[in-house]
Amino acid sequence: SGYPFFVASFRGGTLNPNLSLFPSRTSVDQQVWDARNRSCAHRLLSGAGQAMLVAYHEDPALTLTAIAHGIAVDGSLVLATTEPELIEVLASRDVGAMDVRMSIEKESPDPTVEIVAAAVHLLGKARWLPPEEMAEALAAGVLPDHVAAIASAPGSCMAVVTTERVLLHDAAGVTPVSYEEVRRQHHEAESEAVAGGDLFVDSFGELLGLDAVSSFGYDAINELFGTVMLGMVPGALLARQPVRLGCEHIHTAVLCVDVDRVGLTLMRVSREEAATAFIPFVTPVFKSERLTREIGRLIELGS
């Protein structure tokens with residue numbers, strides 16, 4: 001079949017915004033966009049995706065790629081690493097804080113493709129904690145589990161990163177999101193967790209969300225994308241980019257680029273182009289059973 005060939009040929013793709021399409025961003029309320037941006041930025045900063053930290057004022061510049069990152073109970077952005085280069089720098093001179101540039105890239109939850117769905121970038125200051133503060137944070141249980149696991153390893157380093165805003169890059173373009181908005185989203189997620197759980201409180205929720213999308217079958221999701229294009233279901237066509245695939249047997253494919261509390265992001269790829277659309281839910285979704293019902297409602301709305 002053509003689908004496996006298509007997947008192999010499209011590995012490494014990225015989203016390229018082109019907002020001149022119909023339906024446009026204005027077909028979705030600004031409040032929905034704000035909620036989507038805040039939720040997406042929070043998910044990336046909470047641990048989804050791969051992070052990289054550059055201490056650009058160090059001589060020579062220090063680049064860290066093997067780090068665990070997340071948001072602590074109080075809303076602080078924290079990270080931990082055991083990279084030897086950093087350990088050597090901190091041991092060789094009195095360094096309490098560093099000016100840093102941090103980037104986090106998150107791929108689509110669909111394991112058959114490698115598409116960068118979203119990224120955040122920020123400038124901030126990383127304050128490296130002394131051993132006694134690390135021990136206190138670990139004992140208090142205020143760190144995300146994946147950060148605590150690295151911070152508790154022998155010879156590890158941990159930092160609190162402060163910043164005023166992040167830049168969210170995705171198919172909708174580049175959007176500034178204040179860190180206070182991220183902190184507010186985090187407190188909401190914590191409240192949902194107490195009330196029974198937030199599906200997207202960690203990156204594992206994306207996989208459950210992908211299962212919910214896939215359970216409806218390819219034809220239903222393809223039709224849903226088409227009904228958004230026709231304006232029958234509320235949504236916004238975000239981006240379009242040319243795709244040059246030489247095999248004439250390749251079929252059109254619809255991929256789940258992202259699934260979030262606020263809505264779905266789907267990409268339909270043909271031999272000529274890849275188009276990306278965002279389809280909002282009526283209200284934010286926090287549990288898998290509600291997500292399944294909401295996707296079913298959208299499919300029925302377009303049928």
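**Exercise 1. Helix 8 and its length**

At 1.5 Å a residue, what span should the twelve residues of helix 8 have, and how far apart are its end C-alpha atoms?

*Solution.* The structure is a predicted model, in which local features need pLDDT of at least 70, side-chain atom pairs count only at pLDDT 80 or more, and totals for chains, interfaces and linings use all residues. Residues are numbered from 1 along each chain as its sequence is written, and side-chain values use heavy atoms, with hydrogens and water left out.

Step 1. Helices (H or I, at least four residues) and strands (E, at least two) are DSSP runs, numbered from the N terminus.

Step 2. The expected span of a helix is 1.5 Å times one less than its number of residues.

Step 3. Helix 8 has twelve residues, so the expected span is 16 Å. Its end C-alpha atoms are 17 Å apart, which agrees.

Step 4. After helix 8 comes glycine 231, which has a positive phi, near 80°.

**Exercise 2. Helix 9 and its surroundings**

Apply the reasoning above to helix 9 (residues 288–302), then state which of its residues are buried and what they pack against.

*Solution.* Step 1. Helix 9 has 15 residues, so a span of 21 Å is expected; the end C-alpha atoms are 22 Å apart, in agreement.

Step 2. Buried means under 20% relative accessible area, exposed over 50%, and partly exposed in between (1.4 Å probe, protein chains only). In helix 9 the buried residues are Leu291, Glu294, Ile295, Gly296, Leu298, Ile299 and Gly302.

Step 3. Contact means heavy atoms within 4.5 Å. The buried residues of helix 9 pack against helix 7 (204–214), helix 8 (218–229), strand 12 (253–259), strand 13 (263–269) and strand 14 (273–280).

Step 4. In helix 8, the buried residues are Ala220, Ile221, Leu224, Phe225, Gly226, Thr227 and Val228. Among the elements that they pack against are strand 11 (236–242) and helix 9.

**Exercise 3. The nonpolar cores**

Identify the residues of the largest nonpolar core that touch the most other members, and describe the contacts of methionine 102.

*Solution.* Step 1. A nonpolar core is a set of buried Ala, Val, Leu, Ile, Met, Phe, Trp, Tyr and Cys residues joined through side-chain atoms within 4.5 Å. In soluble globular proteins, nonpolar side chains tend to be buried together.

Step 2. The largest core holds 33 residues; Leu45, Leu53, Met98, Met102 and Trp128 touch the most other members. Strand 7 (residues 115–128) contributes the most to this core, with five residues.

Step 3. With residues up to four places away in sequence not counted, methionine 102 touches Ala51, Met52, Leu53, His69, Leu77, Leu79, Val120, His121 and Leu122.

Step 4. A second, separate core has 26 residues, including Phe200, Ala220, Leu298 and Ile299.

**Exercise 4. Strand 9 and its partners**

Determine the two faces of strand 9 (residues 165–170) and its pairing with strand 7 and strand 10.

*Solution.* Step 1. In a regular strand the side chains alternate between the two faces of the sheet.

Step 2. In strand 9, Val166, Leu168 and Asp170 form the covered face, while Arg165, Leu167 and His169 form the uncovered one.

Step 3. Two strands pair if DSSP finds at least two bridges between them. Strand 7 and strand 9 run antiparallel and are joined by four bridges; here histidine 121 stands opposite leucine 167.

Step 4. Strand 9 also pairs with strand 10 (residues 173–178), in the antiparallel sense, over six bridges. Leucine 168 faces threonine 175 across this pair. The two strands form a hairpin, with two residues between them.

**Exercise 5. Serine 39 and proline 60**

Is serine 39 buried or exposed, and where does proline 60 lie?

*Solution.* Step 1. Serine 39 belongs to helix 2. Its relative accessible area is 1%, so serine 39 is buried.

Step 2. Leaving aside neighbours within four places in sequence, serine 39 is in contact with Gln185, Asp260, Arg261 and Val262.

Step 3. Proline 60 lies in the loop between strand 2 (50–55) and strand 3 (62–64). The peptide bond to proline 60 from aspartate 59 is cis, with omega near 0°.
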